Structures are given as C-alpha cells and as structure tokens.
Amino acid sequence: MDMETTFTIKQVAEQTGISEDTIRYYEKIALLPKIARKENGHRMYRSSDMQTILLLNCLKKTGMSLDEMRPFLDVSADADPAEYPELVQLLRDHRANIVNQIASLQQIVDFVDMKLEEGKYRRDFSQEQSHNCTGAITAAEKEKLVSTVQMNYFSVPNRGIEIE
C-alpha cells in the first residue's frame with residue numbers, strides 16, 4: 001500500500017512562507033479542512049493541504065478577505081471554471097480592482113520619480129547658477145521642467161473647473 005507523503009506544520013510553514021500560527025488560524029476558522037493527526041497529536045499535512053495554503057496565500061496577497069476566499073476553497077484545483085460562472089465573475093471583478101490598484105500605485109511611483117528628478121534638477125540648477133549669474137534657463141534645462149499637465153497625476157473630482 002502506497003503511503004502519501006505528509007508534512008509537519010514546520011515543514012509546511014517553511015515551504016509555503018506562511019507562519020505556523022497563521023496555518024493554525026486557517027484551520028481554526030475552517031479555511032483549511034480538519035488536518036489529520038498522528039497518535040501523538042501532531043498535525044500531518046498532505047500535499048493537497050499545502051496547495052490549499054498556497055492558494056490562500058495567493059488570494060490574500062491580492063487583498064481578498066478571508067470570507068471572500070471561502071467559495072474558492074470548495075472547488076477542486078482541476079475543476080472546469082465554466083462550471084462555476086459566479087466564481088469566475090468574482091475573480092474578474094477582483095482582478096479589475098487589482099488592475100486599478102496597480103494603476104494608482106504606478107501614478108504614485110511616477111509622481112515620486114518626478115519629485116526626485118525635480119529635486120535633482122533644483123540641485124543641479126542651484127550649482128549652475130553660482131557659475132551663471134544671468135539666471136537664464138538653457139534649452140536643456142527647459143526640457144527638464146515639468147508642465148502642470150504632467151503634475152496632474154492624482155485624479156481630482158471635476159468641479160466644473162477645466163484644466164488646460
């Protein structure tokens with residue numbers, strides 16, 4: 001008889017990157033099925049349990065709440081998604097939210113980059129001004145300047161004011 005490989009909670013934690021306490025918590029709130037135990041009471045995790053923990057971790061990283069994850073756990077990994085259109089729609093909606101979050105974070109990164117570049121420009125310009133008393137801006141320096149359109153990175157509710 002072929003025995004399935006089992007893992008200790010420590011091994012599962014090391015292989016999944018999820019803490020032992022979190023794994024126990026997932027079991028306590030029934031995100032994980034009841035885990036089999038040895039005679040001494042130690043948990044014995046199967047490969048399928050580890051796959052479920054990895055799925056939970058993935059969904060958690062997307063910002064999905066634990067309650068939102070529950071319906072996905074009832075579906076086997078090899079199931080046809082067409083059989084679960086409601087779950088497919090949930091994933092599509094969640095994906096759209098993630099894409100919006102990424103776009104928002106990219107705007108923040110762009111803004112920070114712009115501010116860093118602007119600070120570099122100011123530092124370079126102040127050094128150049130000590131050599132150039134005219135204060136005139138060269139063509140190369142004008143290219144470094146940021147327009148008001150470029151600075152409009154964060155969406156502001158339109159209150160009837162047009163920005164050109």
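At 32% relative accessibility, R46 counts as partly exposed, a class that lies between buried (under 20% relative accessible area) and exposed (over 50%), as judged with a 1.4 Å probe and protein chains only. R46 forms a salt bridge with D49, the closest N and O atoms being 3.7 Å apart; a salt bridge is defined here as a side-chain nitrogen of Lys or Arg within 4 Å of a carboxyl oxygen of Asp or Glu. In contrast to R46, D49 counts as buried, because its relative accessibility is 2%.

The model is a predicted one, in which local features need pLDDT of at least 70 and side-chain atom pairs count only at pLDDT 80 or more, whereas totals for chains, interfaces and linings use all residues. Residues are numbered from 1 along each chain as its sequence is written, and side-chain values use heavy atoms, with hydrogens and water left out.

The chain contains 7 helices and 2 strands, which are DSSP runs numbered from the N terminus (helices: H or I, at least four residues; strands: E, at least two). The order of these elements from the N terminus is α-α-β-β-α-α-α-α-α. Of the 164 residues in the chain, 19% count as buried. The exposed area of the chain is about 12500 Å², of which carbon and sulfur atoms supply 54%; accessible areas come from the Shrake-Rupley method with a 1.4 Å probe, and for residues only the protein chains shown count as cover. Among contacts (heavy atoms within 4.5 Å) between residues at least 6 apart in sequence, 47% join residues at least 24 apart.

Helix α1 (residues 9-16) packs against helix α2 (residues 20-28) at an angle of about 110 degrees, and their axes are 9 Å apart. This angle makes α1 roughly perpendicular to α2, a term that covers 65 to 115 degrees. Axes are lines fitted to C-alpha atoms, for helices over the stretch in contact, and angles run from 0 to 180 degrees between N-to-C directions. On the α1 side, I9, K10, V12 and A13 meet E20, I23 and R24 of α2. Helix α1 also holds Q11, which is partly exposed with a relative accessible area of 34%. Q11 and Y45 are 34 residues apart in sequence, while their C-alpha atoms are 9.1 Å apart in space.

Salt bridges number 6 in the structure. Side chains of opposite charge can pair when their charged atoms come close. Within helix α2, E20 and R24 lie 4 residues apart, about one turn of the helix, and their side chains meet in a salt bridge (3.2 Å, N to O). Both residues are partly exposed: E20 has a relative accessibility of 29%, and R24 has a relative accessible area of 31%. A network of salt bridges links E20, D21 and R24.

A further salt bridge joins R43 to E27, with the closest N and O atoms 2.6 Å apart. This pair links distant parts of the chain, since R43 lies in strand β2 (residues 43-44) and E27 in helix α2, 16 residues apart. R43 and E27 are both buried.

At the surface, L105, I108, V112 and L116 make a nonpolar patch of about 360 Å². Patches consist of residues with over 30% relative accessible area and no salt bridge; like charges are joined within 9 Å, and nonpolar side chains (Val, Leu, Ile, Met, Phe, Trp, Tyr) within 5 Å. L116 belongs to helix α5 (residues 85-129) and counts as exposed, at 58% relative accessibility.

Terms used: Angles under 35 degrees count as roughly parallel, over 145 as roughly antiparallel, 65 to 115 as roughly perpendicular and the rest as oblique.
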